[in-house]
Each structure stands twice: as C-alpha cells, then as structure tokens.
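Hi everyone, thanks for coming. Let's look at one model together, starting with the overall picture and ending at a single side chain.

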Amino acid sequence: LRLSAEALRAGGFRRLALRAEGDVTLPADVTLDVGVGGEVTLSGRALRIDGTIDAPAGRIDLSTRPGQGEVDYALDAYALSLGTTARLNVAGQWVNDLPAVNAQAPTAPYGIDGGRIRLAAHGDLLLAPGSLLDADGGARLDGGGQLTAGKGGAITLASGRHGPLTDAAPLTARLLLGGELRARALTRGGTLSISASRLLLADPL
C-alpha cells in the first residue's frame, strides 16, 4: 500500500493511524504533517523512518510487532529504525500575539506544551546519528505582554525482549541512541523513559 503524504495533508486529517502486517517506511523526502495537536500512530513488522513527522504539541507513537503466529529471531526482524534524516517533532510552538506583531486576534489553533513521542520496538530500536526527537516546550506572549511558558514533553523509548519466551538466555535486542533527544522548556523540562534489555550510564570516552 502506497499512501500520498500530500493527499493526507490536503485532507486536513489531524489523526493518522496505520497498522501494517509487513514493513512500514517513510522516505527521507516525505513529511507527514498533522498540524497542531495532531496524532500519528504507525505500527508494523518493522519500521524505517527517514523522513519527517510533524505534530506540534501532539503525539507520535511508533511500534513494531510480529504478525499473528509469526516467530523470527533475527536481530533486525522487528527493528524500529530512524535514519540520519529522520525528524519527529511534537515541540510546543512559540506564539507572539503582541498587536505590533499580530494586529488581528489569533484565529489559528496553537499549542505551547511539548507533546509525546513513544517508540516501542519488538526487536532493535536504532536511532542513527543526525536523527532528532523534539518535544521541547514553547511559549506564548499575549497581547498584554504576559509571557506563558509551555512545559517540555515526554519521550518514551523501549527495545524488545528478543528470543523465545521459554529461553533462559534470550538474545538481547539492541537500543542505540545515536540521535538527539530534546524536551527542553523555559521553566519545566520534560521526561525521558527508557526500557531496554541492558543499560549502561557513562560519560563518553
């Protein structure tokens, strides 16, 4: 199945949910834009994201899973991979409603709080260097000069338990964090949750 990102954008859809029994790919030259507060949910046997998903102050949920009755112990069989050009954006907006800048009352929806990104792989979770997960908080300056700061969002990352459930020593699914993770804000930063087979916290060599 081939879907046109331009057609989805022109249709004005704010919530997009796709579930595939096979692999799902988003090429580098494609942007899925669901607008402020929008939601994107993609699920498949394996996911490869090289393009951009824009959901300012919204939600992005990507996951991989085996098909019904399917068993494959290859390390990359159910991988969720973000390439070097991948961009997942749920950052809050920066809004300036001062009359000198915006003479008309605001009519477009806006969201200043960072949204939520969830990546859950049944197998490997791979974030290549150059990839970006952005859940920064924004802010709004209203017509009277009052600044309201948005909160940072939430990023959740999980790699799978790889191997048969009866195996005493299952293969270890990889979680590689080569990309950039953001959930900054003016006053209240966001949260990062990680679930993996093994974790080592250390300064770079």
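I'll go from the whole chain to a few paired strands, and then to one aspartate.

A word on the source: this is a predicted model, where local features need pLDDT of at least 70, side-chain atom pairs count only at pLDDT 80 or more, and totals for chains, interfaces and linings use all residues. Residues are numbered from 1 along each chain as its sequence is written, and side-chain values use heavy atoms, with hydrogens and water left out.

The protein chain has one helix and 19 strands; these are DSSP runs, numbered from the N terminus, with helices being H or I of at least four residues and strands E of at least two. Of its 205 residues, 40% are buried, meaning under 20% relative accessible area with a 1.4 Å probe, protein chains only.

Now the strands, which count as paired if DSSP finds at least two bridges between them. Strand β7, residues 59-64, runs parallel to β11, residues 116-120, with five bridges joining them. Here Ser 63 sits opposite Ala 120. β11 also pairs in the parallel sense with β16, residues 154-158, again over five bridges, and there Ile 117 faces Ile 155.

So where does Asp 61 sit? Its place is in strand β7. Is Asp 61 buried or exposed? Asp 61 is buried, because its relative accessible area is 11%. Its side chain makes a polar contact with the side chain of Arg 118, at 2.8 Å; that term means N or O atoms within 3.5 Å, one able to donate a hydrogen and the other to accept it, and residues adjacent in sequence count only if both atoms are side-chain atoms.

Note on methods:
Buried < 20%, exposed > 50% of the residue type's maximum accessible area, 1.4 Å probe, protein only.
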